[in-house]
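Open the model in a viewer and keep the sequence panel beside it. The tour goes from one selection to the next and says what is there.

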Amino acid sequence: MEKIKVPVPIMSEVFATGHRPEYLFWVGSAGAFDDRYKKVTREFVKILTYFKIDYAVLGTEEADSGDVARRAGNEMLFQMQALMNIELFKMYEVKKILTCCPHDFNTFKNEYPDLGGQYEVIHHSQFLAGLAPSLTPSPNWGRDGVGAGKITFHDPCYLGRANGEYDAPRNVLSALDLQQVEMRRSKSFALCCGAGGGQMFKEAEPGNKEVFIERIEDVISTGADIVATACPFCMVMLTDGIKYKNREENLKNYDIAELVSMGLGL
C-alpha cells in the first residue's frame, strides 16, 4: 500500500513568505536518519497536520544539538555546534522549539541559555498531553490490536529525572483509554535504558549484564503487551532487549506519538 505523503513546511520557505511559524519542530538526528525513529517523525507530523499546528522544520539546515558531543566530553565541539544553532534560530526568530528527543529537549532548555539561547522548549509528550481533551480514540481502538492490550511506560532519563516530567506521557496514554501498568522501577526510580550519556555509541563496559537487558526484564515482569517510550535512544535499546529475549511476537515497542496516531486512526 502506498504511503500517504504529508507536506512538511520548511522554515526557509515559510520565512520567505513573511510568515513566522509558532513552532520550530526540531527533528533531531534519530528522527531524520534512524529507520525506526523516522516512522515516529512521520506519525508526529501527521498529528501536527491533523490539528493544524503552525510549525516548520529546518530541513537541510538542521545540524545537531551537540548533546552527545558534550556527554562524551568534547566541550569545544558542543559549544561550536550550539553557537551555530543559536545564530540560525536567531535568524529565523525562533521562540518555541518542539522536539521528540528528550536529549535535545534537555540541551535546548537547560544548556543553551548559558550561551545566549533562550527558548520555550516543549517535548512532544508535553505537547500531546496538552491536546489530551481532543485525543478521542477511533471506535475500533479498544476492541482489538494495540488499543486492547496492557501497556507500560518507560521513563526516559532526560525527560524524567533530568526535567521532572513524569505525568505528560502517562496523561497521553490515559487519554487514549489504554490500560496502564507500572514497572517496579518507574518515574524517579526508573532504570536507564543504557544509552544515555553517550553510552549508545561505545562498547559495553565490563559487568554481568547489560543495562538494556535488565530494563527489558522489568518490562516483561509487568505482563504488558506494549512498552511505550518517548525517546529515540530508549526505543533502540528496548527494541534490542525485546529481540534479545525473543519476545517480538508478544511484546511491542511504540513511541507515544505512534500510539496517538493509531488511536486517532491517522
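How many salt bridges does the structure hold? There are 19 salt bridges in this model, which is a predicted one. One of these salt bridges comes up at the third stop.

**Stop 1: a sheet of four strands**

Select strand E1, residues 23-26, together with strand E3, residues 96-99. The two strands pair in the parallel sense, and three bridges hold the pairing. Zoom in on Leu24, whose bridge partner in E3 is Ile97. Then pick Phe25, which has Leu98 of E3 opposite.

Now add strand E2, residues 55-56, and strand E4, residues 120-123. With these four strands shown, the order across the open sheet reads E2-E1-E3-E4, and the pairing is parallel. E2 and E4 are the edge strands, each pairing on one side only. Between E3 and E4, which run parallel, there are four bridges. To see one of the places where E3 and E4 meet, select Lys96 and look across to Glu120 in E4. In general, the strands of a sheet are paired by backbone hydrogen bonds, in a parallel or an antiparallel way.

**Stop 2: the helix across that sheet**

Select helix H3, residues 35-50. H3 lies across E1, E2 and E3. Compare its direction with that of E1: H3 runs at about 165 degrees to the strand.

Keep H3 and add helix H11, residues 256-264. Their axes come within 8 Å and cross at roughly 50 degrees, which means that H3 is oblique to H11. The crossing of H3 past H11 is left-handed. Show the side chains where the two helices touch: on H3, Arg36, Lys39, Val40, Glu43, Phe44, Lys46, Ile47 and Tyr50, and on H11, Ala257, Glu258, Val260, Ser261 and Leu264. Coloured by type, the residues of this contact between H3 and H11 come out as seven nonpolar, one polar and five charged.

**Stop 3: a salt bridge within H3**

Select Glu43 and Lys46, which both belong to helix H3 and sit three residues apart, about one turn of the helix. The two form a salt bridge, in which the closest N and O atoms are 3.3 Å apart. Side chains of opposite charge can pair in this way when their charged atoms come close.

**Stop 4: another sheet of four strands**

Move to strand E5, residues 150-153. E5 belongs to an open sheet of four strands in the order E6-E5-E7-E8, again with parallel pairing. Strand E6 (179-180) and strand E8 (252-255) are at the edges with a single partner strand each, so one side of each has no neighbour in the sheet. E5 and E6 pair in the parallel sense over two bridges. Select Ile151 to find its bridge partner in E6, Gln180.

Add helix H8, residues 167-175, which packs on this sheet. H8 touches E5, E6 and strand E7 (226-229), and its direction makes about 165 degrees with that of E5.

**Stop 5: a pair of helices**

Last, select helix H9, residues 211-221, and helix H10, residues 232-244. How do their axes cross, and at roughly what angle? They come within 9 Å and cross at roughly 75 degrees, which makes H9 roughly perpendicular to H10. Phe212, Ile213, Arg215 and Ile216 of H9 make the contact with Met237, Leu238, Asp240, Gly241, Ile242 and Tyr244 of H10. The residues in this contact of H9 with H10 divide into seven nonpolar, one polar and two charged.

Technical notes. Residues numbered from 1 in each chain as written. Predicted model: local features only at pLDDT ≥ 70, side-chain atom pairs only at ≥ 80, totals over all residues. Heavy atoms only, no water. Axes fitted to C-alpha atoms, helices over the stretch in contact; angles between N-to-C directions. Parallel < 35°, antiparallel > 145°, perpendicular 65-115°, else oblique. Left-handed = near helix turned anticlockwise from the far one by under 90°. Contact = heavy atoms within 4.5 Å. Nonpolar A, V, L, I, M, F, W, Y, C, P; charged D, E, K, R; others polar. Pairing = 2+ DSSP bridges. Salt bridge = Lys/Arg side-chain N within 4 Å of Asp/Glu carboxyl O.
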